[in-house]
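Please examine the sequence and the model shown below before reading on. The paragraphs that follow lead through it step by step.

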Amino acid sequence: MNITVKKGNLADTKTQAVILALCEGEKTFSELVSKIDQKTGGLLNDLLKSGDFEARPSQISVIYTRSLPAKRIALVGLGKKSELNLEKIRNAFAKVMQHLRGLNIKDAATTIDWNLLPDQKEKIIAAVAEGAGLGLYQYTPYKTVGRDELKEMRQLEIVVEPKDYSVILDEIKKTNIITDAVYFARNLISAPANEMTPTIMAAHAGKIAKRKNVSCRVLDRGKLKILGMNALLGVAAGSHQPPKLIILEYAGGKKGDAPIALVGKGLTFDSGGISIKPAEKMDEMKTDMSGGAAVMAIVMAAADLKLPVNIVGLIPATENMPGGSALKPGDILKSYSGKTIEVLNTDAEGRLILADALSYASKYKPAAIIDIATLTGACIVALGDDVIGMLGTDEQLKKEINQAAQTTGELVWELPLWESYSELIKSDIADYKNSSGRTAGTITAAAFLGKFVGDYPWVHLDIAGPAWTIKDKAYIPKGASGVTVRLLVEYLQNRLNK
Ligand code: BES
Ligand code: MN
Ligand code: ZN
């Protein structure tokens, strides 16, 4: 769907549906809504008076009119103005667009009401566009039966006063770039593992590198052997799919400026390996490359936004499969860093491949390292399905990520990473073990990663919960969420504005 901006007045706009977002319990209409109400002979007033529509959060009512160029007026509630926030705006626009799509409507028009959140003007624009855009996501490439019945919105036109045009256009362009990046991540994650192998992921990364200032290198098995990336190679040993270390570099900043290193877990399928997972829900482990997909999407968005920053994206990509040559419980691997790892559970594979990629990040002397991974089921046990677990060594970096989360609505919660947890990952015969039983599973995983991060500010984001949603949420239809893409693009933008 396209979101476009046009100078004009919504009351005079020809469209399938004019969308008006209203707050609950307001005594008077805004100037624009009054104008539309008058043109319809007071239909809106009647509707509100009847009590059929109270403007509760995401409540929807569609009315039909012959006195406007528009065929319909779609009202959507935002709830009480005193309780309004960006998330409610996103939710409302996601819901109303989904509703209109359900009516098989192809185009709609709306405007931006500055008065909703007067101190967050630009952010309202982004919230409207994100809600509408992200809420309409659907993954349909494998539907062949009844394909012509698939419903799709084509356009949302934002009709604005001439004086607001350039600010709004600018913000919409930026938001469209970010929404496209989230779609890109969702598409990669949703793809089945037989069609999203490490090789195919690498090919997608190659396409991102068609952009200005972006380059892509892919280290294959031969190169990984020469480098001694035995932790990554160990996880790949049971699979027929060759592993890849995908390296995306974006040079938007000054030459020589330390880059931000983003490291994403790219497990294209996690069966657990010899420590095999139960059959139930094993299919969801096609999403174990969500961190890697997010890193690719963030680099893509940063390049399209032309952010003046250097970024290196590192994505270790492999399957984790059982097989005659697979890693076995008890095996010891010498990692790229030289440190040895006793593999007690082959299902704790994410930390193995990340260990090598995190150590490799030191080559870039980065300003910060952020890794993103569907790392532990324990994170879901601790924080639930919707929350990103955050752990790391740098207070400033954690603070900045928390701040970005306030804007994007992604839920981030910090867990401690005290030195004492390191005791739990000591191995009897190697340097570390990759699994240490049930206690503090998310923290011990992060403590393990920490052993492979050089002396750089570092934060780890465990997205095991929110990467994949099993229930529809307004602007995250069930399935792949693309979580952390908006979060880290916001973080990068804020960092540049300092
Ligand atoms: N990819 C999984 C974690 C996961 C679980 C993500 C559920 C999303 C939903 C990871 O590789 C894993 O299997 N972790 C193990 C670690 C354990 C063996 C120490 C886990 O969480 O059970
Ligand atoms: Mn696993
Ligand atoms: Zn995994």
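The explanation begins with a metal site and then turns to two pockets. The model is a predicted one.

Consider first the manganese ion (ligand 2). Its protein donors are D270 (OD), D347 (O), D347 (OD) and E349 (OE), and they lie 2.0 to 2.2 Å from the ion. D347 therefore appears twice in this list, through O and through OD. Along the chain, the donors of the manganese ion (ligand 2) follow the spacing D-x76-D-x1-E. D270 also bridges two metals, the manganese ion (ligand 2) and the zinc ion (ligand 3), which are 3.2 Å apart.

The places of these residues in the chain deserve attention. D270 belongs to strand β10, residues 266-270, whereas D347 is found in the loop between β13 (340-342) and α10 (350-361). The pair therefore ties together parts that are 77 residues apart in sequence.

Why is the arrangement around the manganese ion (ligand 2) irregular? The six donor atoms subtend angles of 70 to 165°, and this range makes the arrangement irregular. For six donors to count as octahedral, opposite donors must be over 155 degrees apart and all others between 65 and 115.

Are the two aspartates buried or exposed to some degree? D270 has a relative accessibility of 3% and counts as buried, because buried means under 20%. D347, with a relative accessible area of 22%, is partly exposed.

The pockets come next. The largest pocket holds about 1,300 Å³ of space. Its lining consists of 46 residues, and T376, G377, A378, I380 and A464 lie nearest its centre. Elements that each supply at least two lining residues are α10, α11 (377-383), α13 (441-450) and β19 (468-469). Of the elements, α11 gives the most to this lining, with five residues. By character, the lining of the largest pocket divides into 16 nonpolar, 15 polar and 15 charged residues.

The second largest pocket holds about 980 Å³ of space. It is lined by 38 residues, of which S30, E31, L32, V33 and D113 are the closest to its centre. Two or more lining residues come from each of β2 (17-24), α1 (31-39), α2 (43-50), α4 (121-135) and β6 (155-160). Here β2 gives the most, with five residues. The lining of the second largest pocket divides into 19 nonpolar, nine polar and 10 charged residues.

Methods: Residues are numbered from 1 along each chain as its sequence is written. Chains are lettered from A and ligands numbered from 1 in the order in which they are written. This is a predicted model: local features need pLDDT of at least 70, side-chain atom pairs count only at pLDDT 80 or more; totals for chains, interfaces and linings use all residues. Side-chain values use heavy atoms; hydrogens and water are left out. Donors are N, O and S atoms within 2.8 Å of the metal (3.2 Å for Na, K and Ca); water is not among the atoms, so sites may look incomplete. Four donors count as tetrahedral if all angles lie between 85 and 135 degrees; four count as square planar and six as octahedral if opposite donors are over 155 degrees apart and all others between 65 and 115; anything else is irregular. Helices (H or I, at least four residues) and strands (E, at least two) are DSSP runs, numbered from the N terminus. Buried means under 20% relative accessible area, exposed over 50%, partly exposed in between (1.4 Å probe, protein chains only). On a 1 Å grid over the protein atoms alone, a cavity is a set of points where a 1.4 Å probe fits but cannot get out, and a pocket is an open set with protein on both sides within 12 Å along at least five of seven lines; lining residues have an atom within 4 Å of a point. Grid points are joined across faces, edges and corners, and a volume is the space filled by probe spheres set on the points. Ala, Val, Leu, Ile, Met, Phe, Trp, Tyr, Cys and Pro count as nonpolar, Asp, Glu, Lys and Arg as charged, and the others, Gly among them, as polar.
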